[in-house]
Amino acid sequence: MSTQFNNESVLSPDKQKLKPPSMYKVVLLNDDYTPMEFVVVVLQQFFHLGREQATRVMLKVHTEGRGICGVYPRDIAATKVDQVLEFARQHHHPLQCVMEEN
């Protein structure tokens with residue numbers, strides 16, 4: 001029994017290049033009620049920033065109205081937004097967190 005393969009389709013590498021996934025910024029928005037220290041804790045806990053870097057981002061949120069926490073693939077960014085919003089809600093703070101395409 002002889003089976004003939006089309007060697008070109010089996011052996012040739014796929015010519016189509018995969019593009020990297022779209023990346024999304026996770027952004028904290030300023031409000032007049034959430035304590036600055038709570039924002040620093042959020043940045044340390046959910047974005048793994050050191051205390052100094054977390055403080056810098058918190059001050060940017062405070063002075064400019066928004067601060068970028070990190071840039072991630074879509075699913076990870078969405079998960080981080082959900083985690084931050086739930087954590088803020090559990091602690092009775094109105095902190096807002098959004099994601100934007102990078």
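Is cysteine 69 buried or exposed, going by its relative accessibility? In this predicted model, cysteine 69 comes out at 7% relative accessibility and so counts as buried. Before following that residue any further, a look at the overall layout helps.

The protein has four helices and three strands, which follow one another from the N terminus in the order α-β-α-α-β-α-β. Of its 102 residues, 29% count as buried. Contacts over long stretches of chain are well represented: if one takes the contacts with a separation of 6 or more, 73% of them link residues 24 or more positions apart.

Back to the cysteines. With a cut-off of 2.5 Å between sulfur atoms, the disulfide count is zero. Cysteine 69 takes part in no disulfide, and the nearest cysteine sulfur to it, belonging to cysteine 97, sits 5.4 Å away. Seen from the other end, cysteine 97 is in no disulfide either, with the sulfur of cysteine 69 as its nearest cysteine sulfur at 5.4 Å. Because its relative accessibility is 3%, cysteine 97 counts as buried.

Cysteine 97 also turns up in the surroundings of valine 84, a residue of helix H4. With 0% relative accessibility, valine 84 counts as buried. Apart from neighbours within four places in sequence, valine 84 is in contact with Leu28, Val42, Phe46, Phe47, Leu95 and Cys97. As for glutamine 45, its C-alpha lies 9.4 Å from that of valine 84, with the two positions 39 residues apart in sequence.

Glutamine 45 and valine 84 both belong to the contact between two helices, H2 and H4. Helix H2 covers residues 36–47 and helix H4 residues 74–90; their axes are 11 Å apart and the packing angle is about 140°. That angle is why H2 counts as oblique to H4. The crossing of H2 past H4 is right-handed. On the H2 side the contact involves Phe38, Val41, Val42, Gln45, Phe46 and Phe47, while H4 supplies Lys80, Gln83, Val84, Phe87 and Ala88. Sorted by character, the residues of this H2–H4 contact are eight nonpolar, two polar and one charged.

Helix H2 has a further helix partner in H3, which spans residues 51–64. Here the axes come within 9 Å and cross at roughly 125°, so H2 and H3 are likewise described as oblique to each other. H2 passes H3 in a right-handed crossing too. The H2 residues in this contact are Met36, Glu37, Val39, Val40, Leu43 and Gln44, and they meet Arg51, Ala54, Thr55, Val57, Met58 and His62 of H3. The tally for the H2–H3 contact is seven nonpolar, three polar and two charged residues.

The loop between H2 and H3 holds histidine 48, where the backbone does something worth a second look. Most residues other than glycine have a negative phi. Histidine 48, though not a glycine, has a positive phi of about 55°. Its relative accessibility of 65% means that histidine 48 counts as exposed. Another histidine, at position 92, also has a positive phi without being a glycine, in this case about 60°. Histidine 92 lies in the loop between H4 and E3, and its 72% relative accessibility is why it counts as exposed.

Now for the strands. Lysine 25 sits in strand E1, which runs over residues 23–29. Setting aside residues up to four places away in sequence, lysine 25 touches Ile68, Gly70, Val71, Val98, Met99, Glu100, Glu101 and Asn102. The C-alpha atoms of lysine 25 and glycine 67 are 9.7 Å apart, for a sequence separation of 42 residues.

One of the partners of lysine 25 is glutamate 101, a residue of strand E3 (residues 96–101). Beyond its neighbours within four places in sequence, glutamate 101 is in contact with Ser22, Met23, Tyr24 and Lys25. Tyrosine 24 lies 77 residues away from glutamate 101 along the chain, yet their C-alpha atoms are separated by 4.3 Å.

Terms used:
Residues are numbered from 1 along each chain as its sequence is written. This is a predicted model: local features need pLDDT of at least 70, side-chain atom pairs count only at pLDDT 80 or more; totals for chains, interfaces and linings use all residues. Side-chain values use heavy atoms; hydrogens and water are left out. Axes are lines fitted to C-alpha atoms, for helices over the stretch in contact, and angles run from 0 to 180 degrees between N-to-C directions. Angles under 35 degrees count as roughly parallel, over 145 as roughly antiparallel, 65 to 115 as roughly perpendicular and the rest as oblique. A crossing is left-handed if the near helix is turned anticlockwise from the far one by less than a right angle, and right-handed if clockwise. Contact means heavy atoms within 4.5 Å. Ala, Val, Leu, Ile, Met, Phe, Trp, Tyr, Cys and Pro count as nonpolar, Asp, Glu, Lys and Arg as charged, and the others, Gly among them, as polar. Buried means under 20% relative accessible area, exposed over 50%, partly exposed in between (1.4 Å probe, protein chains only).
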